[in-house]
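Got the viewer open and a selection box ready? Here is a short tour, one selection at a time.

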Amino acid sequence: MRNTRQSNLDRTPKPERRRSRGLLGVREAAGKSRELKFTTLLHHVNEKLLIASFYQLKKHAAVGIDGVSWHEYERDLEARIADLHGRIHRGAFRAKPSKRVYIEKADGRQRPLGIASLEDKIVQHAVRTVLQCIYEEDFLGFSYGFRPRREPHQALDALAVAITEKRVNWILDADIEGFFDNIDREWLVKFLEHRIGDRRIVRLIQKWLNAGIIENTDWSDTGKGTPQGAILSPLLANVYLHYVFDLWLQQWRKRHAKGECYVVRYADDFVICFEHESDARTCLAALKDRMEKFGLKLEADEAICVAAEDDRQTDASHLGSDQGAVAKARHDPLGQTGRWLASVVRGWLGYYSVPGNFRCLDQFITEVTKLWFRQIRRRSQRGRSGWTWSRMDRLSKKHLPRARIRHPYPGVRFHARLGAGAV
């Protein structure tokens, strides 16, 4: 939006010394001056923070190339953390390559992910905690992705308010092609060095960037990008786009936009709303040049379109067509499958239960029930006659949550969170 106002910040750097208030002091110092470079940060990565970071990790996550699980590491946690802390602070810590795995996307393609070793996860989590204290003071209001206390619904609220309450007639909807794989590491380090003057922190980040990937037994590194799946990657991506996109767009609309202009960015997906078509087309051309300078390009299907009421409803019915997971659970006990499906449906409803979307919610639950019904009937030929639709309907109502709208209207939630003057 024209978005949440940032406070006027001192333009004179303040010294970091004198009293230390831990990470709270880091955040306060970052908020007072956008020019301040933090030259002593590594001491905040102490044993207490490392232990807290360890307990924030998922206990049953897949292991990296080290083969060490969360529960195995916990057995001798204090000694392991003390040793890890020592290696970090004397410069002996070595980042391990990530293990390549693939997850299937909704369109059938596979997304490559890198699974870091356990100690890399711990240290990345701790470093992220420290860096967030700085960058959460820098990031702009229209940046929503992978930030504390921010979520996709807040981005959708901001977009809905712009379209319904402001003079928005044209919308640029785009994302960045292969963003995480194409981040220029040299530019990323330069951006980090605007704020991070502690070379030990920068070297740690460079170790992770250059650690590479192990696939089967082969090591590789393209020389660019950040590993998808790494704990620190989303923050690094936001830092990159803060300088490449956010600050640039903020200046562009002040200097060049002839009408109103609002923006919402969630990671590498963004929507820019314009009052005038000429602003939309001028901005798109300038944005392509800007991205090219930093090794990025927009997806080929970026689009400028007229804002239309018909496009504002979430159509989620297609998500009910994937039979794979239900088929795998075909021979599990009905109660076990029912509990699993209930958790899936609750998670889906928690995201899509927005005003105006009830028909899609109800259709989704119906499609899930149909899929489950077909899999039950395929268990055996004898089972076909015993499973009627009325019996299936009772089973579904026993286990699956019902469709209902769970979220308030976007404008109500947006203004309640930020106040009526936020747009």
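A pocket, for this tour, is an open set of grid points with protein on both sides within 12 Å along at least five of seven lines, and its lining residues have an atom within 4 Å of a point. Keep in mind that this is a predicted model.

**Whole chain**

Start with everything selected. The protein chain has 17 helices and eight strands. Of its 423 residues, 46% count as buried. Look at contacts with a separation of 6 or more in the protein chain: 74% of them come from residues 24 or more positions apart.

**Stop 1: the second largest pocket**

Now select Ile 103, Arg 111, Leu 113, Gln 228 and Gly 229. Out of 50 lining residues, these are the closest to the centre of the second largest pocket. The space in there comes to about 1400 Å³.

Which elements should you colour next? Strand S1 (98-104), strand S2 (110-115), helix H5 (118-138), helix H7 (179-182) and helix H10 (233-255) each put at least two residues into the lining of this pocket. S2 gives the largest share, with six residues. Colour the lining by class and you get 22 nonpolar, 12 polar and 16 charged residues.

**Stop 2: the largest cavity**

Keep H10 on screen and add helix H9 (199-209): each of the two supplies at least two residues of the lining of the largest cavity. For the full lining, select Gln 124, Trp 208, Leu 209, Pro 227, Ala 230, Leu 232, Ser 233 and Leu 236. By class, that makes six nonpolar, two polar and no charged residues. The volume of the largest cavity is about 50 Å³. How many cavities of 30 Å³ or more does the structure hold? The count is two.

**Stop 3: strand S7 and its partners**

Select 269-274, which is strand S7; five of its six residues are buried, so call the strand mostly covered. Add strand S3 (170-175), which runs antiparallel to S7 and is joined to it by six bridges. To find your place in that pairing, show Asp 175, which sits opposite Asp 269 of S7.

Next, bring in strand S6 (261-266). S6 and S7 also pair over six bridges, in the antiparallel sense. Here Val 263 has Ile 272 of S7 as its bridge partner. Zoom in on the hairpin of S6 and S7, where two residues lie between the strands: Ala 267 takes a positive phi near 55° there.

**Stop 4: helix H16**

Select 389-399 for helix H16, then show the side chains of Met 392, Leu 395, Ser 396 and His 399, which are buried. Why do they share a side of H16? They span an arc of only 100° around the axis, so they end up on the same side of the helix. On the other side of H16 you'll find Arg 394, Lys 397 and Lys 398, which are exposed. What covers the buried residues? Show helix H13 (334-352) and helix H14 (358-377), which are among the elements covering them.

**Last stop: Leu 284**

Finish in helix H11 (277-293), where you can pick out Leu 284. Is Leu 284 buried or exposed? Its relative accessibility is 11%, and the cut-off for buried is under 20%, so Leu 284 counts as buried. Now draw a distance from Leu 284 to Ala 303: C-alpha to C-alpha, they are 9.3 Å apart in space and 19 residues apart in sequence.

Conventions:
Residues are numbered from 1 along each chain as its sequence is written. This is a predicted model: local features need pLDDT of at least 70, side-chain atom pairs count only at pLDDT 80 or more; totals for chains, interfaces and linings use all residues. Side-chain values use heavy atoms; hydrogens and water are left out. On a 1 Å grid over the protein atoms alone, a cavity is a set of points where a 1.4 Å probe fits but cannot get out, and a pocket is an open set with protein on both sides within 12 Å along at least five of seven lines; lining residues have an atom within 4 Å of a point. Grid points are joined across faces, edges and corners, and a volume is the space filled by probe spheres set on the points. Helices (H or I, at least four residues) and strands (E, at least two) are DSSP runs, numbered from the N terminus. Ala, Val, Leu, Ile, Met, Phe, Trp, Tyr, Cys and Pro count as nonpolar, Asp, Glu, Lys and Arg as charged, and the others, Gly among them, as polar. Buried means under 20% relative accessible area, exposed over 50%, partly exposed in between (1.4 Å probe, protein chains only). The arc is that of the directions from the helix axis to the C-beta atoms. Contact means heavy atoms within 4.5 Å. Two strands pair if DSSP finds at least two bridges between them.
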